[in-house]
Amino acid sequence: MNDKQRIEELRKILRTANDAYYRDGHSPMSDAEFDRLLRELRDLEEAHPEFDEPDSPTNRVGSDLATGFKKITHRYPMLSIQNTYSEEEVRDFHRQVTEKIPETEVEYVCEPKIDGVAMCLVYENRKLTVAVTRGDGVQGDEVTQNIRTLKTIPQTLPKDFPADRFEVRGEVYMTKDNFLKFNEYSTRVFGKELQNPRNTASGSLKLKDPREAALRPLDFFAYNILTDDAEGNHWDNLEKLDKAKFPVNSLRAKARSVDEVMRVCEKWQKLRDDLPYMIDGVVIKVNSLKQQAALGRTAKSPKWVIAYKYKAEAVETVLESVSFQVGRTGVVTPVANLKPVHLGGTVVKRATLHNFDEVERLGLRVPDTVTVEKGGEIIPKITSVVLEKRPKSTHAIIPPKSCPVCGEALSKDEEEVAWRCDNLQCPAQVQRAILHFAARGAMNIENVGPALVDTLLEAGLIRDVSDLYHLKQEELEQLERMAEKSAANVIASIEGSKARGLDRLLFGLGIRYVGKTTASALARHFKTLDRLFDATPEEFVAAPDVGERIAQSLSDYFHDPKNRKRLERLRDAGVKTDYDAPEGGQPLAGQTWVITGTLPTWGRDEAREILEKAGAKVSESVSKKTTMLLAGEAAGSKLDKAQKLGIKIVSEKDVRSVLGLA
């Protein structure tokens, strides 16, 4: 592989990791591995400026933009901070600072690097007016109503605070104890083990219902004030925030030299296990705001700040046993039960193993001694086996033959790594399938949450999703802690969900391999439930985004008598099983579009959804088959390729005009 190929490979890996981290709440690699690959890419790009690309991960802030949220452009860009794990690089940072600022005039402020979600709070006339996520650094998602549920964030400020517009930057986070309690609840109710506090906090902020967000145990630390005035210093701004009753981290320190900075880093590393929140390093900032302005920034990061990150914590312990849990789609996941060991300030008893391929990759046996690591995670993972400590007598970890919940035989496709319980009546699957059906992205049945579903199942009032539409208000009123008004609200929510349409229904059914995009494509193609009932695997393959594996899954599902009966019951109850095309038809039918760059108000997923509803197929790459390129700010190589191929390039404004959108 030559350097150009390696650059392209690294860009692809890092973009995929960024999307997983910011949009899906999942970290496919450790922070250290991500930073190592990013550094390799930066070095290669510096050696080969002819391969420069504005859209490269070295030039762009990772984006957490999501659909369904108003997009707001930041008055001051929310940049990312350059990370390092090396004391030598901290000293290089100091040398670069002192090339512009006399060393005797430089002072640093050290603050813990909180493992949370960056947040921008805008105050006007001393009142909180809007809260915006980092997004892609240029624009973010407005989450004002969710932020208002955090009681520690002041809604109004004292009269001695400036009345002019200003911004407070900070970090939304979840304490260790609150995360562990919430994760226990999520695992028990949803069968989903959360990965870390940062991703959980991010997901909580993107909830559409502020009432749900209010139930999430979130906290906030303010760490900066931004105005058009670059007078004063950062330390005094922290003091000002503290006096205004903002939650400001008391763990902070000044340093007059790089040696003092490193002593602070070493001191706090010893304290990190005892802190109530997760930190993964120390943020080192030049104190003077004028000096910050003089030092400037790159396209991605300020030059007056650096983050010294701690290496992942790891300990050895014994793998005592492996248990198995069942998810919504019947996938059986192995979980490691460990000899309790202290790690990262908590006692670790369990670790995720993801799947049985991971067990095989690690070469795990019971009772092996294993290395358990937390790389910015609270939920630990096994990273290796200490073979020299393997006892003479061990046994292999063998996937179960039957479901640990219902006892039915498990199956495994040759193309998959997962073992699966195919019994759709398995209690573990039924509860989670109903919750998925009622979720916002599917049928969006408000007031039908985990507690109510558990109660309804225990009372024998429901056995599957179709039973929801046959509930009676008087039945609900007989349940414990269910008042007349609450029962009426549940019935009204169920009634309101009937009109969601075929695309939402198909996604809500949880058909194997069918996600939101495929569900929408199927609804647009087949239009009615009856056509889906009659379709053959060959006819399914003819639909957009449907391959042979998905087609077979769809054929199996719609030809299963139990599923057909369930769907007939839904239709008989008044659930809409047809697809209504958007008003004005599908003006983009038959066209292939590609999206690149940052759009003024739409996030990437939102733009995709709009184009697909208008009939377009949205592709990830530009080719001769591309009809249009929707380009935003900082468009990169896709724009160049489209121009070379003579493909028409349009803006968000153009699309709004064509589709008649306000």
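**Exercise 1. Determine which parts of the chain the salt bridge between Asp530 and Arg571 links.**

Solution. The structure is a predicted model. First, consider the contact itself: Asp530 and Arg571 form a salt bridge, with their closest N and O atoms 3.1 Å apart. This satisfies the cut-off, which asks for a side-chain nitrogen of Lys or Arg within 4 Å of a carboxyl oxygen of Asp or Glu. Next, place the partners: Asp530 belongs to helix α18 (residues 529–534) and Arg571 to helix α21 (residues 561–572). The pair therefore links distant parts of the chain, 41 residues apart. Finally, examine the exposure of each partner. Asp530 is partly exposed at 39% relative accessibility, and Arg571 is partly exposed at 25%.

**Exercise 2. State how many salt bridges the structure holds, and describe the one between Asp259 and Arg91.**

Solution. The structure holds 26 salt bridges. In one of them, the side chains of Asp259 and Arg91 meet at 2.8 Å, N to O. Asp259 lies in helix α9 (residues 258–271) and Arg91 in helix α3 (residues 87–100), so this pair ties together parts that are 168 residues apart in sequence. Both partners are partly exposed: the relative accessible area is 36% for Asp259 and 25% for Arg91.

**Exercise 3. Decide whether each partner in the salt bridge between Asp368 and Arg390 is buried or partly exposed.**

Solution. The side chains of Asp368 and Arg390 meet in a salt bridge at 2.7 Å, N to O. Asp368 is in the loop between β15 (365–366) and β16 (369–374), while Arg390 is in the loop between β17 (381–385) and β18 (395–396). The two residues are 22 apart, and the pair links distant parts of the chain. The cut-off for burial is under 20% relative accessible area. Asp368, at 0% relative accessibility, therefore counts as buried. Arg390 has a relative accessible area of 29% and is partly exposed.

**Exercise 4. Identify the cis peptide bond at Pro367 and the residues other than glycine with a positive phi in the loop between α12 and α13.**

Solution. Most residues other than glycine have a negative phi, and most peptide bonds are trans. Begin with the peptide bond: Val366 and Pro367 are joined by a cis bond with omega of about 10°. Pro367 is found in the loop between β15 and β16. Turn then to phi. Asn444 has a positive phi, near 50°, and lies in the loop between α12 (427–438) and α13 (450–458). Asn447, which is found in the loop between α12 and α13, has a positive phi of about 75°. Asn447 is partly exposed, at 40% relative accessibility.

**Exercise 5. Establish how the overall dimensions of the protein chain relate to the globule rule, and how much of the chain is buried.**

Solution. The protein chain contains 24 helices and 24 strands. Its radius of gyration is 27 Å, close to the 26 Å that the globule rule gives for 662 residues, so the chain is as compact as a globular protein of that length. Along its principal axes, the C-alpha trace spans about 80 × 70 × 60 Å. As for burial, 50% of the 662 residues count as buried. Helix α6 (residues 197–205) is mostly covered, with eight of its nine residues buried; among them are Pro197, Arg198 and Leu205.

How values were computed. Residues are numbered from 1 along each chain as its sequence is written. Side-chain values use heavy atoms; hydrogens and water are left out. Helices (H or I, at least four residues) and strands (E, at least two) are DSSP runs, numbered from the N terminus. The radius of gyration is taken over C-alpha atoms; the globule rule is 2.2 Å times the number of residues to the power 0.38. Buried means under 20% relative accessible area, exposed over 50%, partly exposed in between (1.4 Å probe, protein chains only).
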